[in-house]
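Colleague: I'd like a close look at one part of this model, please: the pairs of oppositely charged side chains. Once you have been through them, show me what lies around them.

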Amino acid sequence: MSLKHLTVGALMAVCTFAVQAPAQNNELSGILGRTFISHQRISGAPSFDPYLRFGRGLTFEINYARRVVATGPLTLHLEVPFVGNPDEDLQAEQNVIPQQFSSYFVTPAARLSLFSDQAVSPWVSFGGGFAHFGESSTLRFGGPTPGKTGSTTGVLQTGLGLDVRVFHRFSLRGEARDFWSGVPPLVVNTSKNRQHNIFIGVGVVWHF
């Protein structure tokens, strides 16, 4: 499945949620932050420095959500976070890895909020979808990257955050989301088939 198909799927999900949605039961948010990925040990690499290291790529999120249930202090939203990290730098001692890769996540989810109509509202999120990775065609120290340079994998998403209402229709949001995905094809063998992509960011929510 290509990035184009993922984007189309996200737009279709947003349109489905938005049909006949009551006024101010919808949210549109924009978040900016960083993605954190733990270092991975490369099988067969020199013992003095055998690790594949990841940068902290500048990452954005666009998220549409619709309120579907409200009971007492609890509110359930259905949301579609689209998270993109277009330039994740890589580092290893040997010239065996791509210069960088990109990652994009589309994970429809359920978000449970506490006191969503109040000034301060904490929340948790859980969902799943797809991740698309695109590796650069050039190795870190020059030369073409061998093998394929793109892959798509399933992903589970868990998140938590805090919304602070600043105006009637606008809130500030701080959040952390963990996208547990397959690994991108980075040429080297790290003996891993899953990895945590932890996104931490802040941004603005528009309620309409």
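Modeller: Happy to. Let's start with Arg 53 and Asp 49, which form a salt bridge whose closest N and O atoms are 2.8 Å apart. Please keep in mind that this is a predicted model, so every distance here is computed from it. The two partners differ in how much of them is covered. Arg 53 has 25% relative accessibility and therefore counts as partly exposed, while Asp 49, at 14%, counts as buried.

A second pair has Arg 67 and Asp 117 as partners, again with 2.8 Å between the closest N and O atoms. This salt bridge links distant parts of the chain: Arg 67 belongs to strand 4 (residues 58-71), and Asp 117 sits in the loop between strand 7 (109-114) and strand 8, 50 residues apart. Arg 67 counts as buried because its relative accessibility is 19%, a value just inside the cut-off, since buried means under 20%. Asp 117, by contrast, counts as exposed at 52%.

These two pairs are part of a longer list, as the structure holds 9 salt bridges. The pairing itself has a simple basis: side chains of opposite charge can pair when their charged atoms come close.

The third pair I would show you is Arg 173 with Glu 27, where the closest N and O atoms are 3.3 Å apart. Arg 173 is in strand 10 and Glu 27 is in strand 1 (residues 26-36), so this salt bridge ties together parts that lie 146 residues apart in sequence. Here both partners are covered: Arg 173 counts as buried because its relative accessibility is 2%, and Glu 27 counts as buried at 6%.

How do the next charged residues connect? Back at Arg 67 and Asp 117, the link joined strand 4 to a loop; elsewhere, salt bridges that share partners join Glu 27, Glu 61, Glu 79, Arg 111, Asp 163, Arg 173, Glu 175 and Arg 177 into one network. Notice that both partners of the third pair, Arg 173 and Glu 27, belong to that network.

Strand 10 deserves a moment longer. Ser 171 is in this strand too, and at 2% relative accessibility Ser 171 counts as buried. The side chain of Ser 171 makes a polar contact of 2.9 Å with the side chain of His 207. Leaving out residues up to four places away in sequence, Ser 171 touches Asp 163, Val 164, Arg 165, Val 166, Gly 203, Val 204, Val 205 and His 207. One of these, Asp 163, is a member of the salt-bridge network.

Phe 170 is also in strand 10, but with 36% relative accessibility Phe 170 counts as partly exposed. Phe 170 helps to make a nonpolar surface patch of about 930 Å², whose other members include Leu 28, Ile 62, Val 120, Leu 162, Val 204 and Trp 206. Strand 9 (150-165), strand 10 (170-182) and strand 11 (194-207) are the elements that give two or more residues to this patch.

Now for the nonpolar interior. In soluble globular proteins, nonpolar side chains tend to be buried together. In this model, the largest nonpolar core has 19 residues, and Leu 52, Phe 54, Leu 90, Phe 101 and Phe 105 have the most contacts inside it. Two or more of its residues come from each of strand 3 (51-54), strand 5 (74-91), strand 6 (100-106) and strand 8 (120-135). Phe 105 shows what such contacts look like: beyond its neighbours within four places in sequence, its partners include Phe 82, Val 83, Phe 130, Phe 133, Val 155 and Phe 179.

To set all this in the whole fold, the protein chain has 1 helix and 11 strands, and along the sequence the helix comes before the strands. Of its 208 residues, 44% count as buried. Links across long stretches of sequence also show up in the totals: among contacts with a separation of 6 or more, 67% are between residues 24 or more positions apart. The protein chain exposes about 10300 Å², with carbon and sulfur atoms supplying 64% of it.

Terms used. Residues numbered from 1 in each chain as written. Predicted model: local features only at pLDDT ≥ 70, side-chain atom pairs only at ≥ 80, totals over all residues. Heavy atoms only, no water. Patch = residues over 30% accessible without salt bridge, like charges linked within 9 Å, V, L, I, M, F, W, Y side chains within 5 Å. Areas by Shrake-Rupley, 256 points an atom, 1.4 Å probe, with all protein chains shown as cover. Salt bridge = Lys/Arg side-chain N within 4 Å of Asp/Glu carboxyl O. Helix = DSSP H or I, 4+ residues; strand = E, 2+ residues; numbered from the N terminus. Buried < 20%, exposed > 50% of the residue type's maximum accessible area, 1.4 Å probe, protein only. Polar contact = N/O pair within 3.5 Å; in protein donor to acceptor, adjacent residues only side chain to side chain. Contact = heavy atoms within 4.5 Å. Core = buried A, V, L, I, M, F, W, Y, C linked by side-chain atoms within 4.5 Å.
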